[in-house]
Amino acid sequence: MPVEPLFPLGAELLARDEIGLLRARQQVGSSFGGRIVLEGREYINFSSNDYLGASGQESIKEAWQQGITDWGCGSGASPLVTGYTKAHAELEESLADWLGVEAVLLFSTGFAANQAVIKALLSSRHQQWQDKLNHASLQEAGAMSPARLRRFKHNDMTHLAALLCPQSGLVISEGVFSMDGDQAPCQELLALTRDSGNWLMIDDAHGFGVHGTQGRGTLDLQGVAPSDIQIVIGTFGKAFGTAGAFMAGSRQLIDYMVNFARDYVYSTHMPPSQAVASLAALRWVQQADEQRKHLQALVQQFRNGAAALGLRLMPSMTAIQPILIGDSHVAMEVATRLRESGYWVTAIRPPTVPSGLARIRITLTAAHSHEDVCRLLEGFAGIVRQWPEVGCGCDA
Ligand SMILES: *Cc1c(COP(=O)(O)O)cnc(C)c1O
């Protein structure tokens with residue numbers, strides 16, 4: 001008699017494959033400067049979060065190398081043991097100055113930072129309100145938390161206001177939404193949380209470096225001081241071109257995390273050389289006005305061209321420009337065709353996005369030229385000739 005396997009791995013994989021959602025990794029040869037090499041072929045890369053082209057910057061690469069010379073390869077311990085160095089402290093202080101906040105704490109990844117805050121802060125007597133489109137790291141921690149999780153409709157402040165209870169917990173939103181590219185209404189989120197006596201947490205992984213004066217992010221762009229928000233999360237893996245993450249807030253919040261955030265306390269600290277590199281990245285990002293301006297011009301060029309082709313754009317003015325396709329299989333085919341033409345794009349399918357909303361997620365970077373964007377648009381023109389339904393969103 002056949003017995004049910006303890007963990008039905010084969011059946012789960014097969015079921016995913018049958019609905020066209022089986023995922024596999026691509027082995028990348030090299031990837032920076034708006035280009036990517038896969039299996040010996042070079043593509044224009046429209047899938048990277050390296051929005052300013054920082055990852056290939058000489059000043060940042062040299063800083064990382066010098067950091068290794070000065071500090072060695074790893075940090076050797078968790079931050080409360082001996083893993084916290086002057087290099088980490090300098091990066092924290094520089095980030096705090098840049099954002100005008102009291103204190104900053106470093107994490108190895110943005111995923112860990114989000115787990116850390118939600119787990120350390122919220123207990124069963126709290127509630128949490130999360131935007132439905134929040135990043136998996138926020139939703140994941142939220143689902144595990146003993147605090148009641150209420151999800152509000154994407155950017156819907158009326159819905160949030162109806163769900164909020166006074167003095168009960170934490171409202172959590174992204175600054176720029178990673179799959180849609182649109183922004184949270186930060187002023188309204190601040191007003192709602194203030195008026196109801198709750199805290200606000202903004203994860204601006206895709207906004208820091210790209211938006212605001214000196215790249216201070218989506219809050220700055222929308223006229224909100226980061227010091228008015230209780231918890232701000234940023235990452236170094238996107239516009240900063242390095243890796244790791246930070247949490248910004250009050251001195252008391254950071255002291256609390258150092259004592260109670262187990263994801264921080266029991267994890268080997270980020271290598272000091274990486275902190276040195278991220279500090280060089282911060283200095284570079286602060287002065288990268290030219291790159292930010294060029295990126296905005298590329299966004300405008302792409303949107304104008306895509307609208308003219310009748311592609312279904314989303315309301316995004318950021319470097320993240322999804323083209324809605326709908327069906328997962330068609331999205332995969334479109335991505336394959338674009339790749340064959342030399343443009344590396346990613347089809348985003350459920351469960352990453354809601355079912356029926358599969359899309360091609362285009363990300364632009366300051367490392368692209370106007371010529372690169374022209375060529376991508378030509379690629380899409382070929383797609384529309386082959387699949388006219390992809391170009392029927394002519395409401396622009
Ligand atoms: C990328 C991302 C993270 C995760 O950061 P990593 O450093 O890549 O782990 C967290 N939140 C948001 C909104 C992100 O886009």
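Q: In this predicted model, which handedness describes the crossing where H13 passes H15?
A: The pair concerns helix H13, residues 289-308, and helix H15, residues 370-386. Where H13 passes H15, the crossing is right-handed.

Q: Are H13 and H15 roughly parallel or roughly antiparallel to each other?
A: The two helices pack with their axes 10 Å apart and at an angle of about 20 degrees. Angles under 35 degrees count as roughly parallel. H13 and H15 are therefore roughly parallel.

Q: How many salt bridges does the structure hold?
A: A salt bridge requires a side-chain nitrogen of Lys or Arg within 4 Å of a carboxyl oxygen of Asp or Glu. One pair that forms such a bridge is Arg-359 with Asp-180. The number of salt bridges in the structure is 10.

Q: How many residues apart are Arg-359 and Asp-180, the pair that links distant parts of the chain?
A: Arg-359 and Asp-180 form a salt bridge, with their closest N and O atoms 2.8 Å apart. Arg-359 lies in strand E15 (residues 358-363), whereas Asp-180 lies in the loop between strand E7 (169-174) and helix H8 (186-196). Both residues are buried. Along the chain, the partners are separated by 179 residues.

Q: Is Arg-194 buried or exposed?
A: The side chain of Arg-194 meets that of Asp-228 in a salt bridge, at 3.6 Å from N to O. Arg-194 belongs to helix H8, and Asp-228 to the loop between helix H9 (218-221) and strand E9 (231-235). Asp-228 is partly exposed, with a relative accessible area of 33%. Because its relative accessibility is 53%, Arg-194 counts as exposed.

Q: What is the relative accessibility of Arg-216?
A: Arg-216 forms a salt bridge with Asp-220, the closest N and O atoms being 3.9 Å apart. Asp-220 counts as partly exposed at 23% relative accessibility. Arg-216 also counts as partly exposed, its relative accessibility being 21%.

Q: Which residues are linked with Arg-35 in a network of salt bridges?
A: The network joins Arg-35 to carboxylate partners, since a salt bridge pairs a nitrogen of Lys or Arg with a carboxyl oxygen of Asp or Glu. The residues linked with Arg-35 are Glu-42 and Asp-372.

Q: Which residues make the nonpolar surface patch of about 410 Å²?
A: One member, Leu-6, is placed in the segment before helix H1 (9-18). Leu-6 counts as exposed because its relative accessibility is 74%, and exposed means over 50%. The patch is made by Leu-6, Phe-7 and Leu-9.

Methods. Residues numbered from 1 in each chain as written. Predicted model: local features only at pLDDT ≥ 70, side-chain atom pairs only at ≥ 80, totals over all residues. Heavy atoms only, no water. Patch = residues over 30% accessible without salt bridge, like charges linked within 9 Å, V, L, I, M, F, W, Y side chains within 5 Å. Areas by Shrake-Rupley, 256 points an atom, 1.4 Å probe, with all protein chains shown as cover. Helix = DSSP H or I, 4+ residues; strand = E, 2+ residues; numbered from the N terminus. Buried < 20%, exposed > 50% of the residue type's maximum accessible area, 1.4 Å probe, protein only. Axes fitted to C-alpha atoms, helices over the stretch in contact; angles between N-to-C directions. Parallel < 35°, antiparallel > 145°, perpendicular 65-115°, else oblique. Left-handed = near helix turned anticlockwise from the far one by under 90°.
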